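Visitor: I'm new to this one. Can we go through it together?

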Amino acid sequence: MAGCTRRCKQGLIKFALTLHKLLTGTLSKDNADDDFEMTVVCHRPEGLDKLEAQTNFNKRELQVLYRGFKNECPSGAVNEDTFKQIYSQFFPHGDASTYAHYLFNAFDTGHTGSIKFEDFVTALSILLRGSVTEKLQWTFNLYDINRDGYINKEEMMDIVRAIYDMMGKFTYPVLKTDAPKQHVDAFFQKMDKNRDGVVTLDEFILSCQEDENIMRSLQLFENVI
Amino acid sequence: MAAGVAAWLPFARAAAIGWMPVANLPMPVAPTEKNKKQDELIVLNVSGRRFQTWKNTLDRYPDTLLGSSEKEFFYNEETKEYFFDRDPDVFRSVLNFYRTGKLHYPRYECILSYDEELAFFGIVPEIIGDCCYEEYKDRKRENAERLMDDQEDNKDSKLPNMTFRETMWRAFENPQTSTMALVFYYVTGFFIAVSVMTNVVETVPCGSVPNQKEVPCGERYTVAFFCMDTACVMIFTVEYLMRLYAAPNRYRFMRSVMSIIDVVAILPYYIGLVMTDNEDVSGAFVTLRVFRVFRIFKFSRHSQGLRILGYTLKSCASELGFLLFSLTMAIIIFATVMFYAEKGSSSSKFTSIPASFWYTIVTMTTLGYGDMVPKTIAGKIFGSICSLSGVLVIALPVPVIVSNFSRIYHQNQRADKRRAQKKARLARIRLTKTESSSAFLHSKRNGLFNESSTKEEQHLGKSSSLLESQHHHLLHCLEKTTVRDLKIVIHVLAIVVQAPSLFFFFAVVVLQINTIRLCSSPFILTRVCNKLSHLDIRMTQG
């Protein structure tokens, strides 16, 4: 009964407000416009010299990177949707959004919800100019979705399924439903040294350093810029 | 892939490191960049305005002029820039396309010039962004309609072999084509007016026969009116049959609105002839006479405004339907309310809801005859609300209809104006053509008589531009090749139609010229020819 009177009172107040608006002529909802102004935030990166000191890029490379970054995101920060959109454009055949989500989390080291230019350039510096250990560490971070220091089978399944999603449906040979599972099993076979069901950072680095293919492929993207 | 995203390719490739540990197979070799040089600035000089951009920006779209090696054709070695002799304003949009990946269409640009620039730079117009695409398509459609209009006018020109039937149909559809058609047009118009006037005057009371009430003129001068009616119907019947004969597609003609109006206009007369003077059918006969007023619709063939009005009403059918529907709804609501409000008062005229409809309609359209008025206070309140809302309900769809009418009317005006302007334009183009060919003949004569002329004459001859002299040389070569000589043909017919006096003037001048040729020097001859108006006279060559 009390709830009923409260609801009636609320309804009456709302009706009175609407009547007031009708009489004074402001029926439109213009409070929504005020909120819109706030969301556009501009972020500027630190100075060029500082970034040059922090990363392994030289000034010219930073300039090129920033120009591309700013062109796509004039406000200076990428949120997850834009990030997914940009990344999906490179993989039109399939659905790159899941993998982009993991990538976003890996780039966004501060967990702020948006990638600023410093995060972007720091990650790129590791990936392109870092040492092997740093690269492997970064990759481990990517796979470790919940950041607990261990990669377990479920996390690996998610990652591998995301990678297969990027391929899309029309592949040759046709994708079987348990192909990701087989892939993950092979991975764990290789990586999990002590067979405890999880892969730690040291196990990961050790196993990768033993594998010739992986070592070679890590050097693949050195000359990207 | 959008252009701006191309800048993120290094990032995408770097992020591929995440796949490496998972991969089972070895990776392919990465493509090496041969002679990787720094990104350089390119200067694009478009009609004096310099644009600068990175070379990479232009390379984003390799299938356009600026993105491919085609721009090397425009490279200027001395100034180390690419020079384009094109419109710099439109080039702005083109360059922005490379920068942002989106092509915008500026509203102030002419659609044709924009299309030309896009075609020059090798950009397909279909990639115009969504923001500007509608505007672009609208302008393109308008342009195409205008072209179609012009083409339709061209069809009116007389074809060489038209059968009698086709000529008749053209004469009916377009009275300007021949004098006979014009005469026919005015005669039918006159008779339509006469017929309508007769119908009206028939009912006017025309003096009274003693010890009888006033009789209308129709009953007093029955024979005269009957003869008039017969004459008009004869003319209309003949006209209808002729149109039916001349129509290229008779079935379609019979279904058209104008022919139905024609039939309805003349049918009552024939039905009246057939029917005898029975008492029971005379009522129906009188009703049939009402249909004679449809003859006034035949005027729509003569009046463009009437046709436009009809077309507007047809195109605004949905607005009219909405108006009708909303009015009906409002009428029913208010009639009900008024009926129940006035139920209490005695001797009220609001006897039923349908009876209240009349009051509601009269009030909502603000007529206010005053034959029904509410007497109770509630009735008066609702009556005032009714009249206020009536104004609103009617005022809402009316501007839409008005704007439609105005748009169609102006379009028609523009079409007529364009047709008139086109005639003037074509005349001017013909004039310049004869000018250029007469200039050629002038120069030929100057060249022929070069030996006997003085130095000044030679200078006068040389004052014509290099272009002109090269053009004349070309025509001369053509003459020598074909062993023929070029002559000018003047459009005598045009002159005759437009100004008969001019024709006589020129005929006299021709005679004078010929006599001059026989006796005086060529110098005077050229001077006289130059003094004449632009049209040259046909000269017989030996």
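Visitor: Which helix lies across strand 1 and strand 2 of chain B?
Guide: Helix 4 of chain B, residues 88–100. Helix 4 runs at about 5° to strand 2 of chain B. Angles go from 0 to 180 degrees between N-to-C directions, with axes fitted to C-alpha atoms, for helices over the stretch in contact. Contact means heavy atoms within 4.5 Å. Helices (H or I, at least four residues) and strands (E, at least two) are DSSP runs, numbered from the N terminus.

Visitor: Any ground rules?
Guide: This is a predicted model, where local features need pLDDT of at least 70, side-chain atom pairs count only at pLDDT 80 or more, and totals for chains, interfaces and linings use all residues. Residues are numbered from 1 along each chain as its sequence is written, chains are lettered from A and ligands numbered from 1 in the order written, and side-chain values use heavy atoms, leaving out hydrogens and water.

Visitor: Back to the strands. What is the strand order in the open sheet of chain B?
Guide: The order is 2-1-4-3, with mixed pairing. Strands count as paired if DSSP finds at least two bridges between them. Strand 2 and strand 3 (75–76) are the edges, each pairing on one side only.

Visitor: How do strand 1 and strand 2 of chain B pair, parallel or antiparallel?
Guide: Antiparallel, over six bridges. Strand 1 covers residues 41–46 and strand 2 covers 49–54. Leu44(B) stands opposite Phe51(B), and Ile42(B) has Thr53(B) as its bridge partner.

Visitor: What about the turn there?
Guide: The two strands form a hairpin with two residues between them. Ser47(B), in that turn, has a positive phi of about 50°.

Visitor: How many bridges join strand 1 to strand 4 of chain B?
Guide: Three, and these strands run parallel. Asn45(B) has Phe83(B) of strand 4 as its bridge partner.

Visitor: And strand 3 with strand 4?
Guide: Strand 3 and strand 4 of chain B are antiparallel, over two bridges. Asn76(B) stands opposite Glu81(B). Their hairpin has four residues between the strands, and Lys80(B) takes a positive phi near 55°.

Visitor: New topic. How much area do chain B and chain A bury between them?
Guide: About 3400 Å², 71% of it on carbon and sulfur atoms. Buried area is the accessible area (1.4 Å probe) that two parts lose on being put together, summed over both. In chain B, Trp8(B), Phe11(B) and Ile17(B) lose the most to chain A, together 22% of what that side buries.

Visitor: How many residues does each chain give to the contact?
Guide: Chain B gives 33 and chain A gives 44.

Visitor: How many salt bridges does the rule find across that interface?
Guide: Zero. The rule wants a side-chain nitrogen of Lys or Arg within 4 Å of a carboxyl oxygen of Asp or Glu.

Visitor: How many salt bridges are there over all chains?
Guide: The structure holds 25. One of them joins Lys153(A) and Asp185(A), with the closest N and O atoms 3.8 Å apart.

Visitor: Which parts does that pair tie together?
Guide: Lys153(A) lies in helix 9 (residues 153–167) of chain A and Asp185(A) in helix 10 (residues 179–191) of chain A, so the pair ties together parts 32 residues apart in sequence.
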